[in-house]
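Thanks for sharing this one. Here are a few notes to read alongside the structure.

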Amino acid sequence: MKPLALSPFALVTSLGAGEEATLAALRAGRSGLAPCQFDTLPLAAWTGEAQGCDDAPLTGAWASFDCRNNRLAALALAQDGFLNIVEDAKTRYGAARIGLFLGTSTSGILQTETAYRQRNLDGALPPGLDYGRTHNTYALGQFVRAYLGLHGPAFVISTACAATSKVFASATRMIEAGLCDAAIVGGADTLCATTLFGFHALGVMAEGPCRPFDAARSGISIGEAAGFTLLERPGQRHDDETIMLLGTGESADAYHMSSPHPDGAGACRAMELALKDAGLRSKNIGYINLHGTATLAGDAAEDRAISTLFGNEVPCNSSKGFTGHTLGASGVVGAAICSLAIRNKFLPGSPHTTRPDPTFTSNYLTTGRAAQLSIAMSNAFGFGGVNCSLILGRPS
Amino acid sequence: MIDLFIEGIGLHGPGLESWEASAPVLRGEAPYQDAPPSLPASPLLPAAERRRAPKIVRLALAAGTEAFCISGRSPAETATIFTSSGGDGETIHDILSTLATPPRELSPTRFHNSVHNAAAGYWSIATGATAPSTSLCAHDDSFAAGLLEAAAQATATGQPVALIAYDVPYPVPLARVRPIGAVFGVAFVLSPIEGPASIARLSLALQPYAAPSQAPALLEPLRRATPAARSLPLLAALAHGVERSVTLGYLDDMSLLLHLSPP
């Protein structure tokens with residue numbers, strides 16, 4: 001692909017709101033995970049809960065969109081001057097020439113979970129539930145498109161935990177095909193009982209904090225996040241410091257609905273395709289932000305895929321020990337952390353991982369350190385056997 | 001304008017059991033009789049997945065399989081775009097009902113079936129497809145959004161893609177807040193390059209809002225009630241096989257202008 005320029009990311013996770021808070025936590029090795037306060041769970045699970053959702057309802061013109069997922073999206077959009085970045089882009093391109101491609105897995109289903117508990121004796125839902133603007137998968141897109149005053153092509157991708165990686169690939173194709181000149185990409189996923197109880201039912205939820213790639217890992221900790229960036233062709237306003245999207249790679253496993261191929265074949269193919277798309281070789285990658293959710297099978301498969309392509313050369317780790325697995329938002333979180341790492345010459349560590357699995361052969365980094373980094377890869381894999389790898393950085 | 005070449009069509013809706021059987025109905029040459037479509041499990045799925053596949057997955061697989069049969073292309077090597085106005089309401093209803101009262105024990109199969117890309121996952125397993133696959137949503141305009149993604153993907157990659165759009169009505173009480181008219185699935189195999197399998201040339205442009213085209217009169221209620229059935233004006237134009245323009249609504253301020261012509 002022809003490289004596309006990325007704006008700084010507008011991000012909220014359990015590490016805090018905005019780049020400064022995120023970077024401070026990454027540098028300090030301070031995890032955002034804590035014992036779950038959000039719901040009463042059948043095991044002592046930890047979650048990465050974002051602060052600022054409960055007391056910040058959407059009001060006025062946006063009241064009908066009010067739900068946890070859209071609230072977190074609005075909170076992220078308010079970070080790091082992103083609303084100004086969007087306004088500037090609207091001036092340059094026109095609102096009808098800016099696409100909006102967002103990802104989520106569960107959107108605002110929490111609204112309907114609550115409504116189901118409030119059904120009357122006839123089983124009818126309480127009045128006031130606005131399914132289309134809260135629960136529906138596109139609710140996030142409908143809200144953000146109206147909130148930002150955009151009039152270009154839009155949709156929401158929902159490919160489980162790879163959703164906010166695949167939006168980068170779709171946006172790139174839309175720009176290449178001439179259907180828009182720039183695009184806002186990213187998305188949001190927030191805590192809800194569906195995923196908390198669903199992952200518990202699958203037996204892949206950890207007691208205590210998740211420990212990616214650790215010999216003693218026992219499953220995921222669920223987190224929540226929202227993140228956005230502007231994608232556009234590089235121009236005069238960009239310089240050597242600008243982070244670019246250099247390549248995307250997508251594949252499907254054709255193996256199982258909720259388990260990865262044991263050899264990580266699909267993951268390997270997504271990474272190979274991203275390298276090919278970027279015109280790069282494995283030795284050009286300076287850091288890999290792994291999917292690394294801390295499940296037994298998922299981490300083992302990804303380690304095999306990484307070792308096959310990169311040997312034990314490239315430092316890599318997962319950010320899930322910081323943020324938890326933010327599910328549909330994990331792709332944009334990984335991309336944002338890669339962007340921060342490159343710009344701040346710093347590789348983050350991996351809190352809660354103390355002893356990487358001795359059977360693994362990848363170069364897993366447990367402690368953060370300073371590093372000159374120009375190109376990084378970010379992985380996201382999801383249910384349905386969907387894989388997506390992104391390559392970000394500064395082309396030489 | 002983006003040019004695509006339609007190589008295969010699949011259809012599965014009320015009184016519209018397949019594309020082959022429905023083309024005369026869409027031309028007005030055969031009577032339309034509303035009847036729920038049969039949804040047999042796909043013979044391509046392994047036994048375990050065949051048991052677990054919910055109705056919406058069987059629908060998507062039926063439409064996709066017919067389109068690939070007509071095109072003669074291998075689904076194993078073709079990228080796919082799945083689009084639905086909201087995923088599997090029956091699975092969501094079951095999960096929400098279970099979560100509403102203790103002990104809130106979900107079925108693991110129900111949970112993995114609840115993801116919006118469930119149909120894409122089953123399709124990949126059924127056909128051995130390892131090519132990229134995207135699943136998306138734009139509420140009532142999900143068909144138009146999927147077609148736009150298909151057009152962008154075929155153009156940007158130079159490779160064929162399949163578009164599979166499908167909706168299944170939600171059960172009560174969700175049906176009251178999200179009424180969907182009927183079970184409806186439609187699929188197209190699309191190539192950016194003209195070839196021996198080309199059925200029609202589809203030229204597509206994104207335009208400011210214009211009133212959407214209507215379906216043949218007897219099918220117009222279906223188009224209005226079911227998001228995936230917003231494809232009906234396109235299907236009717238294809239059934240006639242002559243040069244014709246069709247407008248699809250897309251979001252509240254745009255439309256897709258489609259121009260169909262013989263290849």
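1. A word on terms before the strands: two strands pair if DSSP finds at least two bridges between them. In this predicted model, strand 7 (residues 154-157) of chain A and strand 3 of chain B meet that condition, pairing in the antiparallel sense over 2 bridges. If you want a place to look, A:V156 has B:C137, in strand 3 of chain B, as its bridge partner.

2. The two chains also meet over a wider set of residues: 51 residues of chain B are in contact with 53 residues of chain A. On the chain B side, at least two residues each come from helix 4 (89-100), helix 5 (108-113), helix 6 (118-127), strand 3 (133-137), helix 7 (142-157) and helix 8 (174-177). Helix 7 of chain B gives the largest share, 8 residues. By character, the side of chain B that touches chain A splits into 27 nonpolar, 18 polar and 6 charged residues.

3. Which residues touch the most other members of the largest nonpolar core? Out of its 233 residues, they are A:A76, A:A183, A:A376, A:L392, B:A60 and B:L163. Leaving aside residues up to four places away in sequence, A:L392 touches ten-odd neighbours worth browsing, among them A:L6, A:I243, A:L246, A:A335, A:C338 and A:A376.

4. Helix 12 (residues 330-343) of chain A is a nice one to check by hand: at 1.5 Å a residue, its 14 residues should span 20 Å, and the end C-alpha atoms are 20 Å apart, which agrees. Of those 14 residues, 13 are buried, so helix 12 of chain A is largely enclosed by the rest of the structure. Just after this helix, A:K345 takes a positive phi of about 50°.

Methods
Residues numbered from 1 in each chain as written. Chains lettered and ligands numbered in written order. Predicted model: local features only at pLDDT ≥ 70, side-chain atom pairs only at ≥ 80, totals over all residues. Helix = DSSP H or I, 4+ residues; strand = E, 2+ residues; numbered from the N terminus. Expected span 1.5 Å × (residues − 1). Buried ≥ 20, exposed ≤ 12 C-beta atoms within 10 Å, placed from the backbone. Contact = placed C-beta atoms within 7 Å. Nonpolar A, V, L, I, M, F, W, Y, C, P; charged D, E, K, R; others polar. Core = buried A, V, L, I, M, F, W, Y, C linked by C-beta atoms within 7 Å.
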